[in-house]
Amino acid sequence: SSLDRLSELPDVFRRIGNISAMECTVVCIDNSEFSRDGDYAPTRFQAQADAVNLLAGAKTQAHPEATVGVLTMSGKTPRVLVTPTPDLGKVLNCMTNIEIDGECNVSSSVQIAQLALKHRQNKNQRQRIVIFVCSPVTEDKEKLVKIAKKLKKNNVAVDVVSFGAEDENQEKLEAFLEAVNSSGNSHLVTVPPGPVLSDVLISSPIFQGEGGSGFGFAGGVGGAGGGASGADGFEFGVDPNMDPELALALRVSLEEERDRQNRAAAAAAAAAGAAQAEGAGAGVSASAAEGATAVAGIAGAAATPGPVAVPGVGAAGVSGDMDLDEDALLQQALAMSMEIDNAAAAAQEAAAAANDVTTPAPTAAPVVTPGAPQVAVAPPPADLDVMDEDAELQLALQLSMQDSGPDNKEDQK
Amino acid sequence: MPPPSKGCCAHDHDCEAADCGIAYSLYKHISIDQVRCLNEQSPGSCRNILRPWHTRLQPLEQPLRSNQDDDEQELLLHIPFDGAVKLKGICVISRGAPGTAPARMRAYVNRDDLEFAAVSQLPAVQEWELVADGDPRGGIEYPTQVSRFTGVHSLDLLISGASGGADYVEVTFLGLRGEFAERRRQAVETVYEARPVPGDQQRIPGIGEGPHWHS
């Protein structure tokens with residue numbers, strides 16, 4: 001009967017509640033003298049600051065009404081620098097103004113954090129304290145356990161990040177965690193010296209959230225792979241939610257870059273093969289690589305590996321290229337050498353046309369490619385999209401011939 | 001009123017499930033997803049105890065239990081309603097292990113910021129001593145001073161003190177009896193106009209109807 005069904009409702013609501021955990025988080029930072037230590041690069045304090053920035057970003061991302069506050073534990077007294085706010089900018093800003101001073105006082109810091117949470121504006125938010133510890137904890141275990149029990153009673157979850165003084169603190173922090181943990185809502189992460197602190201935290205339950213509800217960009221880190229910088233949590237260092245157009249543009253340009261690298265590598269190998277046929281030798285293959293670089297030199301920080309890689313391919317010499325994919329490259333080289341003889345004149349004209357158009361790509365950062373003076377006339381991507389593959393290869397060859405032949409320079413413009 | 005005997009409850013009428021079930025119907029008007037309880041052992045178990053009257057004797061896999069503590073066994077239950085309630089009576093059933101029935105209950109009205117430090121200093125709106133055996137058949141109702149419990153939008157109950165010396169308290173069922181008035185605390189949707197425009201009778205409901213309108 002429907003009356004019976006009503007009793008099932010609590011279960012359903014409980015499950016729904018777990019998925020979007022709206023939290024108010026207060027982050028406690030260890031800015032004691034111990035945090036000057038350089039065993040975590042560049043200093044313990046700086047590693048902590050990076051991690052806090054990422055954490056605040058993750059929390060505010062996970063839910064639009066989530067709030068984050070910051071509190072420093074050392075100094076004369078623990079101070080709340082930022083009361084819990086959904087504004088990520090405030091949190092990032094205050095991190096730059098922290099001074100290193102004194103010793104940590106964990107017990108009063110936690111009590112002050114608890115007060116800050118008690119006076120949160122939205123009472124529906126869950127309460128969480130994240131504590132970074134990189135100095136020896138002076139309180140004894142019983143006192144910590146008593147504080148933990150009080151936190152548990154008031155439904156406050158605690159995440160502890162222990163680094164720097166992990167061995168001395170391990171026993172105390174484990175006892176603390178066991179006392180405060182209520183069905184897995186609290187975590188203790190111990191980070192040994194060596195790996196980057198932020199990286200370890202990103203894959204830890206502190207960022208992953210409770211009950212498998214991961215924060216958005218944890219998947220992004222896994223998917224970033226390839227060219228994205230390792231330290232940033234987001235692909236290309238740009239949050240896809242905050243600025244989707246920019247993130248999309250960067251991703252598209254990275255893919256275009258990859259395509260071009262592939263084609264340019266083939267062109268370099270083909271050109272090298274053709275150059276061998278013409279008897280010009282290693283000099284031409286190097287400039288062919290530079291020409292390919294000019295073709296490939298498009299857009300964005302993520303693209304800088306590209307131009308560096310391609311000369312490597314060319315400079316490795318003809319034999320290196322041939323080793324990579326011998327049969328395919330040989331075939332291509334043969335085909336190209338047939339075409340080159342026929343299309344030499346056409347390539348000249350194509351190069352002249354390309355040189356007239358000098359507008360840079362809209363999403364491109366200034367192209368930084370090694371060496372070649374011809375690179376200043378980097379052909380724009382818009383044109384290359386229109387040109388088909390053969391025309392591009394001919395263009396690459398033309399540019400490389402321009403390098404090796406100073407006489408041809410007068411022919412341009 | 002005759003003393004309660006087996007098979008009959010302490011209400012002064014012949015209690016049939018239907019009657020009492022209708023009276024104890026305030027559970028329907030609770031905003032169940034905003035119910036929270038401090039110091040509960042398993043998060044979310046506070047919602048299990050707010051259920052229909054006819055299910056009050058059924059056992060729960062996850063009854064509301066406080067965390068184990070030798071000194072103080074307390075639960076602070078926050079129950080928001082989605083309207084205004086006139087609370088007349090509360091029924092508390094504890095069918096857990098012997099000694100885990102709570103001994104005291106204090107009620108606070110229309111506060112959403114309570115936690116244990118605050119309630120220790122705040123005088124309760126009303127306080128009850130609960131029966132030591134936990135009222136296993138649900139026959140006992142704790143009446144409220146109705147004048148103090150009108151216009152209740154949220155109810156906080158501090159349930160404390162294991163009567164039998166156990167180190168936790170357990171509650172299996174919580175029934176609330178009273179009247180409900182639909183009075184949502186939400187923004188009113190209004191349409192403002194600087195001056196009346198005759199063409200508005202399609203857009204604004206109610207204009208153009210009724211005897212005082214001249215067409």
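Chain B has two helices and nine strands. If you trace the chain along its sequence, the elements come in the order α-β-β-β-β-α-β-β-β-β-β. Keep in mind as you look around that this is a predicted model.

How do the parts of chain B meet one another? Take the contacts in chain B with a separation of 6 or more: 79% of them are between residues 24 or more positions apart. Of the 215 residues in chain B, 46% are buried. As for the outside, chain B exposes about 11600 Å², and carbon and sulfur atoms supply 48% of that area.

Now let's zoom in on one residue, B:His153. You'll find B:His153 in strand S7 of chain B, the strand that covers residues 152-162. Is B:His153 buried or exposed? With a relative accessible area of 17%, B:His153 counts as buried, because the cut-off for that label is under 20%. The side chain of B:His153 also has a partner to look for: one of its polar atoms lies 3.4 Å from the backbone oxygen of B:Gly83.

Next, move out to the place where chain B meets chain A. How many residues does each chain bring to the contact? Chain B puts in 23 residues, and chain A puts in 17 residues. Between them, the two chains bury about 1800 Å², with 53% of that area given by carbon and sulfur atoms. On the side of chain B, the residues that lose the most area to chain A are B:Arg47, B:His54 and B:Glu115. Taken together, these three make up 20% of what that side buries.

So much for area; what about the pairings across the interface? Three salt bridges are found between chain B and chain A. One to pick out on screen joins A:Lys153 to B:Glu72, where the closest N and O atoms are 3.1 Å apart. Watch the chain letter here, since position 153 turns up twice in this tour: A:Lys153 is in the salt bridge, while B:His153 belongs to strand S7 of chain B. There are also four residue pairs in polar contact between chain B and chain A.

Which element of chain B gives the largest share of the side that touches chain A? That's strand S1, residues 36-38, with three residues. And what kinds of residues make up this side of chain B? There's a mix here: seven are nonpolar, eight are polar and eight are charged.

How values were computed:
Residues numbered from 1 in each chain as written. Chains lettered and ligands numbered in written order. Predicted model: local features only at pLDDT ≥ 70, side-chain atom pairs only at ≥ 80, totals over all residues. Heavy atoms only, no water. Contact = heavy atoms within 4.5 Å. Buried area = accessible area lost by both parts, 1.4 Å probe. Salt bridge = Lys/Arg side-chain N within 4 Å of Asp/Glu carboxyl O. Polar contact = N/O pair within 3.5 Å; in protein donor to acceptor, adjacent residues only side chain to side chain. Helix = DSSP H or I, 4+ residues; strand = E, 2+ residues; numbered from the N terminus. Nonpolar A, V, L, I, M, F, W, Y, C, P; charged D, E, K, R; others polar. Buried < 20%, exposed > 50% of the residue type's maximum accessible area, 1.4 Å probe, protein only. Areas by Shrake-Rupley, 256 points an atom, 1.4 Å probe, with all protein chains shown as cover.
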